[in-house]
Amino acid sequence: MASRFVPSGPWAPARLPTMPSMLKQRTIKTVTRAVGVGLHSGLRVELTLRPAPPDAGIVFRRVDLPQPVDLKVSAQAVSDTRLASTLSCGDARVLTVEHLMSACAGLGLDNLLIDITAEEVPILDGSAASFVYLLQSAGVVDQPAPRRFVRVTRPVEVRQGEGAQHKWARLDPHHGYTLSFEIEFDHPAVDATGQSVSFDLGSGRYAREIARARTFGFTRDVEMLRANGLARGGGLDNAIVMDDYRVLNADGLRYGDEFAKHKILDAMGDLYLLGRPLLAAYSAFRSGHGLNNLLLRALLDQPDAWEEVIFDDLRQVPPGLAELMPAW
Ligand SMILES: [Zn+2]
């Protein structure tokens, strides 16, 4: 019986360099489901996440309507950004898409079909961690099509408000994808934490460093929100809640700078509504869902500020962006 000699140890021949290959689009391997309540509606909702073909993009399907309606993710489909990012197509809406979109950005998922049984994505624990876990459990697979990035080629900036209301967000050219965010909340509990955070997606630390940061709110706002029919599903199990002095959650914070990190999480979700991954350095001061969407629209309005790129040689991909599997 013949056996093959497999060289190993210091005398083994050097490994041949791997052949250049294309950076591919990704979807999930199997169907997966989540059930929860909407943060604002308080309604029970079921999500079924399915693999989708190359170039399909991320599509929400309202399966509860008499005629199912597809809402494809794009900067122009964002219709309302007052408390969350909302997608619209005719009368059909899907609210609070940003945490799920952030998880998709963090895992580098391009194509997904998401059946939803009500108009709001479930809040789950108020972060993106459950979505990351769900998508990762479904498995992430490469698809036979190149991943198409939007590479920013010159700075684009949007500004709003004056004085204490001033806020801005901008994109600068960068070989990679980084985000840096500064908040400014005049509140003792927030003051005591880091008010600015920088994050490099290529670090491979999205799941560990960003995804677990929860949304936050103040008890003084909750009454006003509820009077307007909002925040009905919100509470201590899916948000950091603060009175005028302190954090009310018994377990405290998940990160020392959880507030600023949640703003990075949100920005990643808002910017992934572009429908393509960005190659850019994003920076922002007190930005929110509305200004993030205006930034995308300002980018698209200036065709000389960006170009679409694919990588047919993995050696050209910015460090860390070819492998976005999360490490917890
Ligand atoms: Zn959020």
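In this predicted model, the donor residues of the zinc ion follow the sequence spacing H-x162-H-x3-D. The protein donors are H99 (NE2), H262 (NE2) and D266, the last of which is listed with OD twice, and they lie 2.1 to 2.7 Å from the zinc ion. The arrangement is irregular because the 4 donor atoms subtend angles of 53 to 148° around the zinc ion. H262 and D266 both belong to helix α6 (residues 258-272), where a spacing of 4 residues separates them by about one helical turn. H262 is buried, at 1% relative accessibility, and D266 is buried at 8%.

Helix α6 also takes part in aromatic contacts, through F259. The whole structure contains 4 aromatic pairs. In one of them, F185 and F216 meet edge-to-face, with 5.5 Å centre to centre and 80° between the planes. F185 is in the loop between β14 (177-182) and α3 (188-191) and F216 is in strand β16 (residues 216-218), so this pair ties together parts 31 residues apart in sequence. F185 is partly exposed, with a relative accessible area of 27%, whereas F216 is buried at 18%. The rings of F216 and F259 are also edge-to-face, with centres 5.1 Å apart and planes at 90°. This pair ties strand β16 to helix α6, parts that are 43 residues apart in sequence. F185, F216, F218 and F259 form one aromatic cluster.

Two charged residues lie over the face of Y255: R212 at 5.7 Å from the ring centre and K261 at 4.3 Å.

In helix α2 (residues 129-138), the buried residues include F131, V132, L134 and L135. Just after α2, G139 takes a positive phi of about 90°.

Notes. Residues are numbered from 1 along each chain as its sequence is written. This is a predicted model: local features need pLDDT of at least 70, side-chain atom pairs count only at pLDDT 80 or more; totals for chains, interfaces and linings use all residues. Side-chain values use heavy atoms; hydrogens and water are left out. Donors are N, O and S atoms within 2.8 Å of the metal (3.2 Å for Na, K and Ca); water is not among the atoms, so sites may look incomplete. Four donors count as tetrahedral if all angles lie between 85 and 135 degrees; four count as square planar and six as octahedral if opposite donors are over 155 degrees apart and all others between 65 and 115; anything else is irregular. Helices (H or I, at least four residues) and strands (E, at least two) are DSSP runs, numbered from the N terminus. Buried means under 20% relative accessible area, exposed over 50%, partly exposed in between (1.4 Å probe, protein chains only). Rings of Phe, Tyr and Trp (its six-membered ring) pair if their centres lie within 6.5 Å; planes under 30 degrees apart count as stacked, over 60 as edge-to-face and the rest as tilted. A charge sits over a ring if NZ of Lys or CZ of Arg is within 6 Å of the ring centre and within 35 degrees of the ring normal.
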